[in-house]
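The following exercises concern the structure shown below. Each consists of a task and a solution that proceeds step by step.

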Amino acid sequence: MTAHGVRRPGRAILGGSFNPPHVGHLRLAVEAREALGDLVRGVDMVPCAQPPHKKTGHLLPFELRAAMLEAALAPLPWLRCNRLEALRDGPSYTWDTLQAYRAAEPDTDFYFLLGSPDFALLPTWHQGLELPRLCHFVVVPRGDLTAEEFTDMTSALWPEAREHPPVLPGGRCMALPGGGLAHFLPLPWLAVSASRIRELWLAGRSVDYLVPRAALNLLQSHRQAIAAHWQEAK
Ligand code: ATP
């Protein structure tokens, strides 16, 4: 991990189940990339093979989720899907994923993007509070979470955390034990979620403009298999 505040091109990572990918994920990647500027070369979307926390019955096959992501990301060369979690057996822990990234790119700084509800849940992740040894965080607020509440949340997670001069425009920053920084990036949270898209789909309603067109084409061509998986959540 680079010492706090040292700038060199890194990589942003957005992990998720992408069941299915939607415009909220894509706008998060686009806006975080703009905010990070020269700090990163691009953004990797990393579909989770076996989510440790979420129920997996309704999860579409990894291959289909990854194919939808690849189709959605194709127009933007700096945005790519990395399938590395499918190469490991067992639960897909972010800790293992970041270790693999660091082994492959030891001189790169990694910026893990996530929504504030997921950030708050880090203590429930495998080695979640140790992750600042491997990456920085870029936390996007859901709802009306303020910068002060972000600071309080971060201090509750890591009592040793200290305020750090902001690095991102309009942001707030905390230095974490282990070397990583937690950046607060106040972006508008689009009111879209994969759960809502699954509900609409199962009700026979349109998901136009919520799922990127290229991914939606794949959903439509696997209509029967998808209904079978998503129904399992009911
Ligand atoms: P589900 O509704 O099935 O729980 P989801 O829509 O939250 O799924 P995930 O694949 O679990 O999608 O999310 C991956 C990452 O994207 C998480 O860090 C999550 O906080 C973030 N995210 C999800 N939806 C949005 C959104 N609308 N705007 C910004 N970030 C989002």
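## Exercise 1: Packing of α2 and α7

In this predicted model, helix α2 (residues 62-73) packs with α7 at an angle of about 150°, and their axes are 7 Å apart. Determine the hand of the crossing of α2 and α7, and state which residues of α2 and α7 meet.

*Solution.*

Step 1. Two packed helices are described by the angle between their axes and the distance between the axes. Both quantities are stated in the task for α2 and α7, namely about 150° and 7 Å.

Step 2. The hand of the α2 and α7 crossing is right.

Step 3. On the α2 side, the residues are L64, A67, M68, A71 and A72; they meet A214, A215, L218 and L219 of α7.

Step 4. Classified by type, the residues of this contact comprise 9 nonpolar, no polar and no charged.

## Exercise 2: Helix α6 and its partners

Describe how helix α6 (residues 194-202) crosses helix α8 (residues 223-231), and identify the buried residues of α6.

*Solution.*

Step 1. The axes of α6 and α8 cross at roughly 120° and come within 11 Å. This crossing is left-handed.

Step 2. From α6, the residues R198, W201 and L202 take part in the contact, and from α8 the residues R223, I226, A227, W230 and Q231. The division by type is 5 nonpolar, 1 polar and 2 charged.

Step 3. Buried residues are those under 20% relative accessible area. In α6 these are A194, I197, R198, L200 and W201. Viewed down the axis of α6, the buried residues lie within an arc of 165°, and therefore they line one face of the helix.

Step 4. These buried residues of α6 pack against α7 (213-221) and α8.

Step 5. Just after α6, G204 adopts a positive phi of about 75°.

## Exercise 3: Two loop residues

Are N19 and D208 buried, exposed or partly exposed? Which residues does each contact, when those up to four places away in sequence are set aside?

*Solution.*

Step 1. N19 is located in the loop between β1 and α1 (23-36). Its relative accessibility is 2%, so N19 counts as buried.

Step 2. Beyond four places in sequence, N19 touches H58, L59, L60, R65, A194, R198 and W230. Of these residues, A194 and R198 are among the buried residues of α6, and R198 and W230 both belong to the contact between α6 and α8.

Step 3. D208 belongs to the loop between α6 and α7. With a relative accessible area of 37%, D208 is partly exposed.

Step 4. With the same sequence neighbours left aside, D208 is in contact with R213 and L216. D208 and I197 are separated by 11 residues in sequence and by 9.8 Å in space, C-alpha to C-alpha.

## Exercise 4: The sheet and strand β4

State the strand order of the sheet, and establish how strand β4 (residues 110-115) is covered and paired.

*Solution.*

Step 1. The sheet is open and is formed by 8 strands in the order β3-β2-β1-β4-β5-β8-β7-β6, with mixed pairing. Its edge strands, each pairing on one side only, are β3 (79-81) and β6 (162-164). On average, neighbouring strands are turned by 25° against each other, direction ignored.

Step 2. Helix α1 packs on the sheet and touches β1, β2 (40-47), β3, β4 and β5; the direction of α1 makes about 155° with that of β2. Helix α5 (residues 147-157) lies across β5, β6, β7 (172-175) and β8 (181-184), and runs at about 10° to β7.

Step 3. Strand β1 (residues 10-16) runs parallel to β4 and is joined to it by 4 bridges. Strand β5 (residues 136-140) is also parallel to β4, with 5 bridges joining the two.

Step 4. F112 of β4 stands opposite I13 and opposite F137 in β5.

Step 5. In β4, 6 of its 6 residues are buried. In a regular strand the side chains alternate between the two faces of the sheet. Here F110, F112 and L114 lie on one side and Y111, L113 and G115 on the other, and both faces of β4 are covered.

How values were computed: Residues are numbered from 1 along each chain as its sequence is written. This is a predicted model: local features need pLDDT of at least 70, side-chain atom pairs count only at pLDDT 80 or more; totals for chains, interfaces and linings use all residues. Side-chain values use heavy atoms; hydrogens and water are left out. Buried means under 20% relative accessible area, exposed over 50%, partly exposed in between (1.4 Å probe, protein chains only). Two strands pair if DSSP finds at least two bridges between them. Axes are lines fitted to C-alpha atoms, for helices over the stretch in contact, and angles run from 0 to 180 degrees between N-to-C directions. A crossing is left-handed if the near helix is turned anticlockwise from the far one by less than a right angle, and right-handed if clockwise. Contact means heavy atoms within 4.5 Å. Ala, Val, Leu, Ile, Met, Phe, Trp, Tyr, Cys and Pro count as nonpolar, Asp, Glu, Lys and Arg as charged, and the others, Gly among them, as polar. The arc is that of the directions from the helix axis to the C-beta atoms.
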